[in-house]
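Subject: Structure handover

Dear colleague,

Please find below the structure that I promised to pass on to you. My notes on what was found in it follow directly after.

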Amino acid sequence: ARSDQELAQLKQLGLIIERHGKSYPFFRDRVMIPIADSRGRIVSFGGRVIAQGEPKYLNTAENPIFRKRHELFGLYAALQAQRNRPERLVIVEGYMDVISLQQAGITYAVASLGTATTVEQFRTMFRYSKQVICCYDGDSAGRRAAWHALETATAVLEAGLELRFTFLPPEHDPDSLVREQGAGAFTQYLDKALSYPEFLIAHIKQDYDLADLGQRSSFIATVLHK
């Protein structure tokens with residue numbers, strides 16, 4: 001049995017929830033995934049459902065030691081593997097993607113914690129590496145997420161920092177790609193990633209018919225404004 005003080009602390013940290021006067025583990029029937037900060041201290045947990053159920057993933061709620069806007073899953077492991085100065089960091093969408101990439105020898109992958117990548121997370125990544133590659137699915141949702149990342153990261157980009165974008169085939173995520181085709185196939189996508197200007201132009205171009213002179217002028221003006 002736990003003391004009342006321990007139960008209160010567990011509830012404050014979001015590890016215990018109370019329903020109908022009884023206390024239950026928040027992550028029951030889930031695989032527990034510890035989330036460390038950049039110094040290796042465990043500040044949160046993720047939980048993947050073992051059988052069927054929704055949501056597929058759960059995260060610890062924000063609490064006095066965990067602010068999800070500021071943390072990146074896998075960052076501590078990446079820094080340890082790369083001696084705190086990775087040549088590049090690739091940000092992917094999920095825990096299992098990071099874990100699979102690490103197992104395949106790609107030790108510079110990180111993931112945001114169930115939300116779109118934030119300014120604080122981009123600032124953290126650029127603190128340790130001069131190149132950040134955003135990796136998304138190649139479908140329309142992935143393109144929208146990449147555009148949101150571009151707009152978010154613009155606030156922290158400065159001379160010497162590089163933001164790039166790569167898109168996997170619709171039938172793959174990083175986890176499935178490295179399992180089926182190996183680490184080399186994934187790194188080829190990273191090596192061919194679009195630069196910030198290339199993705200900016202490609203995204204805006206979708207809204208214009210460049211065969212039309214008037215639309216072409218508007219397109220150029222929009223790109224220059226961006």
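Strands S4 and S5 run antiparallel and are joined by three bridges, strands here being DSSP runs of type E with at least two residues and helices DSSP runs of type H or I with at least four, both numbered from the N terminus. This is a predicted model, in which local features need a pLDDT of at least 70 and side-chain atom pairs count only at pLDDT 80 or more, whereas totals for chains, interfaces and linings use all residues. Residues are numbered from 1 along each chain as its sequence is written, and side-chain values use heavy atoms, with hydrogens and water left out.

Within the pairing of S4 with S5, Gly 46 stands opposite Asn 59 in S5, and Arg 48 has Tyr 57 in S5 as its bridge partner. On the S3 side, strand S3 (residues 30-36) and strand S4 (residues 42-49) also run antiparallel and are joined by seven bridges; two strands are taken to pair if DSSP finds at least two bridges between them. Gly 46 appears here too, as the partner in S4 of Ile 33. S3 and S4 make a hairpin with five residues between them, and in that turn Gly 40 has a positive phi of about 90 degrees.

Taken together, three strands form an open sheet in the order S3-S4-S5, with antiparallel pairing. S3 and S5 stand at the edges with a single partner strand each, so one side of each is left without a neighbour in the sheet. From one strand to the next the twist averages 25 degrees, where angles run from 0 to 180 degrees between N-to-C directions and axes are lines fitted to C-alpha atoms, for helices over the stretch in contact.

The next topic is helix H6. In this helix (residues 174-181), Pro 174, Asp 175, Ser 176, Leu 177 and Val 178 are buried, which means under 20% relative accessible area, with exposed being over 50% and partly exposed lying in between (1.4 Å probe, protein chains only). These buried residues of H6 pack against strands S6 (89-92), S8 (131-137) and S9 (162-168), and against helices H3 (95-103) and H7 (183-191). Just after H6, Gly 182 takes a positive phi of about 95 degrees.

H6 and H7 pack with their axes 6 Å apart and at an angle of about 130 degrees. The two helices are therefore oblique to each other, given that angles under 35 degrees count as roughly parallel, over 145 as roughly antiparallel, 65 to 115 as roughly perpendicular and the rest as oblique. Pro 174, Leu 177, Val 178 and Gln 181 in H6 meet Ala 183, Ala 185, Phe 186 and Tyr 189 in H7. By class, this contact has seven nonpolar residues, one polar and no charged ones; Ala, Val, Leu, Ile, Met, Phe, Trp, Tyr, Cys and Pro count as nonpolar, Asp, Glu, Lys and Arg as charged, and the others, Gly among them, as polar.

The structure holds six salt bridges, each defined as a side-chain nitrogen of Lys or Arg within 4 Å of a carboxyl oxygen of Asp or Glu. One of them lies in H6, where the side chains of Arg 179 and Asp 175 meet at 2.5 Å, N to O. Being four residues apart in helix H6, Arg 179 and Asp 175 are separated by about one helical turn. Arg 179 counts as exposed at 57% relative accessibility, whereas Asp 175 counts as buried at 17%.

Another salt bridge joins the side chains of Arg 41 and Asp 37 (2.8 Å, N to O). Arg 41 is partly exposed, with a relative accessible area of 46%, while Asp 37 counts as buried at 7% relative accessibility. A further one brings together the side chains of Arg 69 and Glu 120 (3.0 Å, N to O). This pair links distant parts of the chain, 51 residues apart, with Arg 69 in the loop between strand S5 (57-59) and helix H2 (75-81) and Glu 120 in helix H4 (residues 119-128).

As for the chain overall, the protein has nine helices and 10 strands, and buried residues make up 42% of its 226 residues.

With best wishes

How values were computed:
Contact = heavy atoms within 4.5 Å.
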